[in-house]
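Here is a guided walk through one protein model, written for someone just starting out. Keep the picture open while you read, and look up each residue as it comes along.

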Amino acid sequence: MKKHIYIYSPSSAVRDKAAFKRGVKRLQALGHEVELDEAALASHQRFAGDDATRLAAIARAAASGADVALISRGGYGLTRILDQIPYKAVAKAIDRGTEFVGLSDFTAFQSALLAKTGAVTWAGPAVGEDFGAEAGADDIMEACFDDLLGGQGEGSGWRMPARDSADLPAFRSIHDAVLWGGNLCVLASLLGTPWFPAIDKGVLFLEDVNEHPYRVERMLDQLRHAGVLGRQKAIVFGQFTGIRKVPHDRGFGMQAVVARLRGLVKPPVLTGLPFGHVPTKVLLPVGAKVEVAADGRDVFMVWGHRHHHHH
């Protein structure tokens, strides 16, 4: 299934050139036609080119006619330019069949686009850290990416960690709820801006990396006090990785954060979603309607076929 994949860099500069090259080679080995944006390896300060360069790269990705527009990497850079992104052009490209895929800093782009246009993007892999992983690309991630390319991806299932499912109340199935979210840190930074999606009765998924549990809790409380968490049908925790515990935590960790949150918000808080800064990640349609069901520790999220995203 040969597809046209356009690779561009809207955030941080590509520092690990070897991983980037491995990622490109891997996509080509899978049989795809890979087109590199002219500024994919540009560098200015910590960014993949200055703001104007990265905005132009986004516009080229939207005009590429590619099946998939894939980010080289995350990092930092999109929140700086949210007031200048050509959202209408991107939404039109999506309507024509280009799927925009990324994670981490890309949460800012996805959230702003959703807030402005309602267009659906995909939380998923980046070229370097995923397709170019030194240990080789993850099988499940590649299978999910393949499902997206073939229009076959209809959902995802996972098993909640036993330690988190003990205090989960009986779970009623959720229907017709918009899936949204992504990186917690990036999402919290958008609160109160025009780029924060005003989604009621949605399914909010969250992940983060290198954030201590107290910082995660503080950001969750920011969303909670702003009324965001209580308005959702469910809150789904992906992977929170790179956590370095310190002795004076005295048992305060992500488990404690989840347990406390469950006592403070009405929507069910599910954990274990295979998404975040981990090799094994599923692809998630940000802005699409999903259904969520649970059977004990087993959770199923279904979104059905999504060939075109007219809203």
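Let's begin with charged side chains. A search through the whole structure turns up 14 salt bridges. Keep in mind that this is a predicted model.

**Salt bridges**

Take Asp37 to start with: it forms a salt bridge with Arg60, and the closest N and O atoms are 2.6 Å apart. This pair links distant parts of the chain, with Asp37 in the loop between β2 (33–36) and α2 (51–63) and Arg60 in helix α2, 23 residues apart. Is Asp37 buried or exposed? Asp37 is buried, with a relative accessible area of 3%. Arg60, on the other hand, is partly exposed, at a relative accessible area of 23%.

Arg60 also meets the side chain of Glu38 in a salt bridge, at 3.6 Å from N to O. Here too, distant parts of the chain are linked: Arg60 sits in helix α2 and Glu38 in the loop between β2 and α2, 22 residues apart. Glu38 is exposed, with a relative accessible area of 71%.

Helix α2 comes up again with Asp51, whose side chain meets that of Arg80 in a salt bridge (3.1 Å, N to O). Asp51 is in helix α2, while Arg80 is in the loop between β3 (68–71) and α3 (87–95), so to speak a link between distant parts of the chain, 29 residues apart. Arg80 counts as partly exposed at 36% relative accessibility.

Here are those three pairs side by side.

| Salt bridge | N to O distance | Separation along the chain |
|---|---|---|
| Asp37 and Arg60 | 2.6 Å | 23 residues |
| Arg60 and Glu38 | 3.6 Å | 22 residues |
| Asp51 and Arg80 | 3.1 Å | 29 residues |

Salt bridges can also join up into a network, and Glu217, Asp221, Arg224 and Arg260 are linked in that way.

**The sheet and its helices**

Now find the strands. In what order do the six strands of the open sheet come? The order is β2-β1-β3-β4-β5-β11, and the pairing is mixed. β2 and β11 (284–286) stand at the edges with a single partner strand each, so one side of each has no neighbour in the sheet. On average, neighbouring strands of this sheet are turned by 30 degrees against each other, if you ignore direction.

Zoom in on the β11 edge. Strand β5 (residues 121–123) is joined to β11 by three bridges, and the two run antiparallel. If you'd like a residue to look for, Ala123 has Leu284 in β11 as its bridge partner.

Helix α2, which you met with the salt bridges, packs on this sheet, touching β1 (4–8), β3 and β4 (99–102). The direction of α2 makes about 175 degrees with that of β1. Helix α4 (residues 106–117) lies across β1, β3, β4, β5 and β11, and runs at about 145 degrees to β4.

**Aromatic rings**

How many aromatic pairs does the structure hold? There are ten. One of them is Phe47 with Tyr76, a tilted pair at 5.7 Å centre to centre, with 45 degrees between the planes. Phe47 is in the loop between β2 and α2 and Tyr76 in the loop between β3 and α3, 29 residues apart, which makes this another link between distant parts of the chain. Phe47 is buried, with a relative accessible area of 3%, whereas Tyr76 is partly exposed at 36%.

Phe205 and Phe275 make an edge-to-face pair, 5.8 Å centre to centre and with 85 degrees between the planes. Phe205 lies in strand β8 (residues 203–209) and Phe275 in the loop between β10 (269–270) and β11, so the pair ties together parts 70 residues apart in sequence. Both Phe205 and Phe275 are buried. Elsewhere, ring pairs link Tyr8, Phe100, Phe106 and Phe109 into a cluster.

**Two backbone oddities**

Most residues other than glycine have a negative phi. Lys201, though not a glycine, has a positive phi near 55 degrees. You'll find Lys201 in the loop between α8 (184–190) and β8, and Lys201 is exposed, with a relative accessible area of 54%.

Asn210 isn't a glycine either, yet its phi is positive, at about 60 degrees. Asn210 is in the loop between β8 and α9 (213–225) and counts as partly exposed at 48% relative accessibility.

Terms used
Residues are numbered from 1 along each chain as its sequence is written. This is a predicted model: local features need pLDDT of at least 70, side-chain atom pairs count only at pLDDT 80 or more; totals for chains, interfaces and linings use all residues. Side-chain values use heavy atoms; hydrogens and water are left out. A salt bridge is a side-chain nitrogen of Lys or Arg within 4 Å of a carboxyl oxygen of Asp or Glu. Helices (H or I, at least four residues) and strands (E, at least two) are DSSP runs, numbered from the N terminus. Buried means under 20% relative accessible area, exposed over 50%, partly exposed in between (1.4 Å probe, protein chains only). Two strands pair if DSSP finds at least two bridges between them. Axes are lines fitted to C-alpha atoms, for helices over the stretch in contact, and angles run from 0 to 180 degrees between N-to-C directions. Contact means heavy atoms within 4.5 Å. Rings of Phe, Tyr and Trp (its six-membered ring) pair if their centres lie within 6.5 Å; planes under 30 degrees apart count as stacked, over 60 as edge-to-face and the rest as tilted.
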